[in-house]
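Q: Please take a close look at the surroundings of the ligand in this structure. Please also comment on any unusual backbone angles.

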Amino acid sequence: MTTPLPGTGGRPAGLPVAAPLFVTADGLPLRLRPAGEEDLPELHRLDREIFKEHAYPYFALRQLYDLFHADLFVLDDGRGFHGYVMAGVNADREGWILGLAIDPRRRGQGLGRRLMAESLRRLRAHGVPAVCLTVEPGNATAIDLYASLGFRPVGHRKGYFGPDADRLVMELTLV
Ligand SMILES: CC(C)(COP(=O)(O)OP(=O)(O)OC[C@H]1O[C@@H](n2cnc3c(N)ncnc32)[C@H](O)[C@@H]1OP(=O)(O)O)[C@@H](O)C(=O)NCCC(=O)NCCS
């Protein structure tokens, strides 16, 4: 769905050079790169745009960044973000996908899959044996994506995020 951009000739000014550039199916040049502390306001903007009242409050995002910045990746066009994925590993060496989102205007082009692949690649490279996530049981798009990556449902947790906020828990074995 996305193709590498030949050479560097088409690189818009201001793009960081650390990660390779690719171009989406609708022609937007993007980098998939780790996020830095200076990216938190833009990440918060995107998170709020997509998840509305369910977005991470800034302070929580900040503390998640402090803990898990090595597993936080963004899709950056040099002016703003079009998606992100955040993962973390707990004290039992269990990986968790803590956030995944793509700008509604960029969905269906393989970007969510690409972010998940990068996150899982890094967790696997660090010897994390299994990764869990939770998803709203009616979110068929996300569930289809996770299932296609090998995640399987391991439980339906009532009230996981509070009253009337059930979650499907899914797990993927990496080793
Ligand atoms: C879930 C989300 C990240 C998927 O991102 P995306 O970039 O659109 O997904 P991709 O284009 O990479 O598609 C990956 C897979 O998702 C599924 N998918 C994507 N769009 C779909 C749709 N409209 N209906 C059903 N499944 C769909 C398919 O399994 C697809 O695989 P395929 O391309 O081989 O058919 C995106 O829809 C999103 O940000 N949703 C809102 C936030 C959210 O729900 N996050 C997950 C919280 S747990």
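A: The answer turns to the ligand and then to two loop residues.

The model is predicted, and local features need pLDDT of at least 70, side-chain atom pairs count only at pLDDT 80 or more, and totals for chains, interfaces and linings use all residues. Residues are numbered from 1 along each chain as its sequence is written.

The ligand is surrounded by 19 residues, and the closest are Arg 107, Gly 112, Arg 113, Asp 144 and Leu 145. A residue counts as near a molecule if its C-beta atom, placed from the backbone, lies within 6 Å of it. At least two residues of this shell come from each of β6 (94-102), α3 (111-125) and α4 (140-148). The largest share, 6 residues, is supplied by α4. Helices (H or I, at least four residues) and strands (E, at least two) are DSSP runs, numbered from the N terminus. By type, the shell contains 9 nonpolar, 7 polar and 3 charged residues. Here Ala, Val, Leu, Ile, Met, Phe, Trp, Tyr, Cys and Pro count as nonpolar, Asp, Glu, Lys and Arg as charged, and the others, Gly among them, as polar.

As for backbone angles, most residues other than glycine have a negative phi. Lys 52, in the loop between α1 (40-51) and α2 (58-68), has a positive phi near 50°. Asp 164, in the loop between β8 (152-157) and β9 (167-173), also has a positive phi, of about 60°. Lys 52 is exposed because 8 other C-beta atoms lie within 10 Å, and Asp 164 is exposed because 7 do. A residue is exposed if 12 or fewer other C-beta atoms, placed from the backbone, lie within 10 Å of its own, buried if 20 or more do, and partly exposed in between.
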